[in-house]
Amino acid sequence: MSLELFLVLASALFCVGLFGALTQQSIVMLMMGLELMLGGVILAAGAAWHYIAPATADGQVLIVVAITAMAVEMAIGFAVVTALFRSREIDMTDMAAELRE
């Protein structure tokens with residue numbers, strides 16, 4: 001596979017994630033859109049790193065660290081959303097805006 005195909009796939013993931021993040025009102029769906037956007041960025045970075053320096057493993061290590069950080073971020077985010085829903089039954093972004101007051 002060529003670099004262009006990886007970049008097209010990464011941009012498609014990013015665009016689908018951006019659409020999901022901008023159009024959804026559910027906090028969980030918003031987080032899923034953000035996860036798709038980050039996945040697209042990581043895919044593009046990994047593909048570029050593979051085609052720039054295929055002999056080194058530095059890019060692979062960085063990608064694994066980034067994916068691990070994404071998993072931890074999503075776990076914490078889902079824990080916060082679950083706590084908000086259990087305490088105040090907030091599951092939409094419009095309802096979460098009331099927390100500022």
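Before I call anything exposed, I need the cut-offs: buried means under 20% relative accessible area, exposed means over 50%, and partly exposed is in between (1.4 Å probe, protein chains only).

I'm working with a predicted model, where local features need pLDDT of at least 70, side-chain atom pairs count only at pLDDT 80 or more, and totals for chains, interfaces and linings use all residues. Residues are numbered from 1 along each chain as its sequence is written, and side-chain values use heavy atoms, with hydrogens and water left out.

**Entry: valine 64.** I looked up valine 64 and found it in helix α3 (residues 58-88). Helices here are DSSP runs (H or I, at least four residues), numbered from the N terminus. Valine 64 has 51% relative accessibility, so it counts as exposed. From its C-alpha to that of methionine 32 I get 19 Å, with the two positions 32 residues apart in sequence.

**Entry: helix α2.** Methionine 32 sits in α2 and is partly exposed, at 43% relative accessibility. Its C-alpha is 7.4 Å from that of glycine 17, although the two are 15 residues apart along the chain. Is glycine 33, also on my list, buried or exposed? Glycine 33 belongs to α2 as well, and its 4% relative accessibility makes it buried. I also checked glycine 33 against phenylalanine 19: they are 14 residues apart along the chain, and their C-alpha atoms are separated by 7.4 Å.

**Entry: α1 against α2.** How do I describe two packed helices? By the angle between their axes and the distance between the axes. For α1 and α2, the axes come within 7 Å and cross at roughly 165 degrees. The axes are lines fitted to C-alpha atoms over the stretch in contact, with angles running from 0 to 180 degrees between N-to-C directions. So α1 is roughly antiparallel to α2, a label for angles over 145 degrees. I noted the crossing as left-handed, meaning the near helix is turned anticlockwise from the far one by less than a right angle.

**Entry: a nonpolar patch.** Phe14, Leu18, Leu22 and Val41 make a nonpolar surface patch of about 360 Å². Its largest share, 3 residues, comes from α1 (residues 3-23). Valine 41 is in α2 (residues 27-52) and is partly exposed, at 45%. Patch residues need over 30% relative accessible area and no salt bridge, and nonpolar side chains (Val, Leu, Ile, Met, Phe, Trp, Tyr) are joined within 5 Å. A salt bridge is a side-chain nitrogen of Lys or Arg within 4 Å of a carboxyl oxygen of Asp or Glu.

Technical notes. Patches are made of residues with over 30% relative accessible area and no salt bridge: like charges are joined within 9 Å, nonpolar side chains (Val, Leu, Ile, Met, Phe, Trp, Tyr) within 5 Å. Accessible areas come from the Shrake-Rupley method with a 1.4 Å probe; for residues, only the protein chains shown count as cover. Helices (H or I, at least four residues) and strands (E, at least two) are DSSP runs, numbered from the N terminus. Angles under 35 degrees count as roughly parallel, over 145 as roughly antiparallel, 65 to 115 as roughly perpendicular and the rest as oblique.
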